[in-house]
Amino acid sequence: ALFGLTTAEKHVATQAANGLAATDIALSRGVSINTIRSQLDAIYDKTGQSGQLGLQKLILDLTPPLVGE
């Protein structure tokens, strides 16, 4: 897996990269805010990012352009 993220971390990273706040991610996943904070810390550590904006940029940079762009 890219960056060694777990399945749960991939889901959280996608939601965070789409701009969702940690509290909204926790509600959508049915887990505590502390769980999401721990997962975000692991995601930032594994990806070398320091926060949500860096993660958003990283994911955008890794996403291939649509055909015709």
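## A salt bridge within one helix

Asp61 and Lys57 sit 4 residues apart in helix α4, so about one helical turn separates them. They also pair up: Asp61 forms a salt bridge with Lys57, and their closest N and O atoms are 2.8 Å apart. Are these two residues buried or exposed? Both Asp61 and Lys57 are exposed.

Before we go on, keep in mind that this is a predicted model. The mean pLDDT of the protein is 93, and 96% of its residues reach 70 or more. Among the elements, helix α2 (residues 22-29) has the highest mean pLDDT, at 98. Helix α4 (residues 52-62), the home of our salt bridge, has the lowest, at 92. As a general habit, don't read predicted coordinates in detail where pLDDT is low.

## A salt bridge between two helices

How many salt bridges does the structure hold? The count is 2. We've met Asp61 with Lys57, and there is also one where the side chains of Glu9 and Lys46 meet, with an N to O distance of 2.8 Å. This pair ties together distant parts of the chain: Glu9 belongs to helix α1 and Lys46 to helix α3, and they are 37 residues apart.

The two partners have their own surroundings. Glu9 has a relative accessible area of 7%, so it counts as buried, the cut-off being under 20%. Lys46 has a relative accessible area of 33%, which means it is partly exposed.

## Helix α1 and its cover

Glu9 has buried company in helix α1 (residues 7-17): Val12, Ala13, Gln15, Ala16 and Ala17 are buried as well. What covers them? The cover over the buried residues of α1 includes α2, α3 (33-47) and α4. Just after α1 ends, Gly19 takes a positive phi of about 95°.

## Where α1 meets α4

Two packed helices are described by the angle between their axes and the distance between those axes. So how do α1 and α4 cross? Their axes come within 8 Å and cross at roughly 100°. That angle falls in the 65 to 115 range, so the two helices are roughly perpendicular to each other.

Now for the residues in the contact. From α1 come Ala13, Ala16 and Ala17, and they meet Gln52, Leu55, Gln56 and Ile59 in α4. By type, the contact residues divide into 5 nonpolar, 2 polar and no charged. The three α1 residues here, Ala13, Ala16 and Ala17, are also among the buried ones of that helix.

## Arg29 and Gln15, between α1 and α2

Next, look at Arg29, which lies in helix α2. Arg29 is at 32% relative accessibility, so it counts as partly exposed. Which residues does Arg29 touch, leaving out those up to four places away in sequence? They are Ala8, His11, Val12, Gln15 and Ile36. Take Val12 from that group: it is 17 residues from Arg29 along the chain, and the C-alpha atoms of the two are separated by 8.6 Å.

Gln15 is another of the residues Arg29 touches, and its place is in helix α1. With a relative accessible area of 18%, under the 20% cut-off, Gln15 is buried. Seen from its own side, again leaving out residues up to four places away in sequence, Gln15 touches Leu20, Ile25, Ser28 and Arg29.

Note on methods
Residues are numbered from 1 along each chain as its sequence is written. This is a predicted model: local features need pLDDT of at least 70, side-chain atom pairs count only at pLDDT 80 or more; totals for chains, interfaces and linings use all residues. Side-chain values use heavy atoms; hydrogens and water are left out. pLDDT is the predictor's confidence in each residue, from 0 to 100. Buried means under 20% relative accessible area, exposed over 50%, partly exposed in between (1.4 Å probe, protein chains only). Contact means heavy atoms within 4.5 Å. A salt bridge is a side-chain nitrogen of Lys or Arg within 4 Å of a carboxyl oxygen of Asp or Glu. Axes are lines fitted to C-alpha atoms, for helices over the stretch in contact, and angles run from 0 to 180 degrees between N-to-C directions. Angles under 35 degrees count as roughly parallel, over 145 as roughly antiparallel, 65 to 115 as roughly perpendicular and the rest as oblique. Ala, Val, Leu, Ile, Met, Phe, Trp, Tyr, Cys and Pro count as nonpolar, Asp, Glu, Lys and Arg as charged, and the others, Gly among them, as polar.
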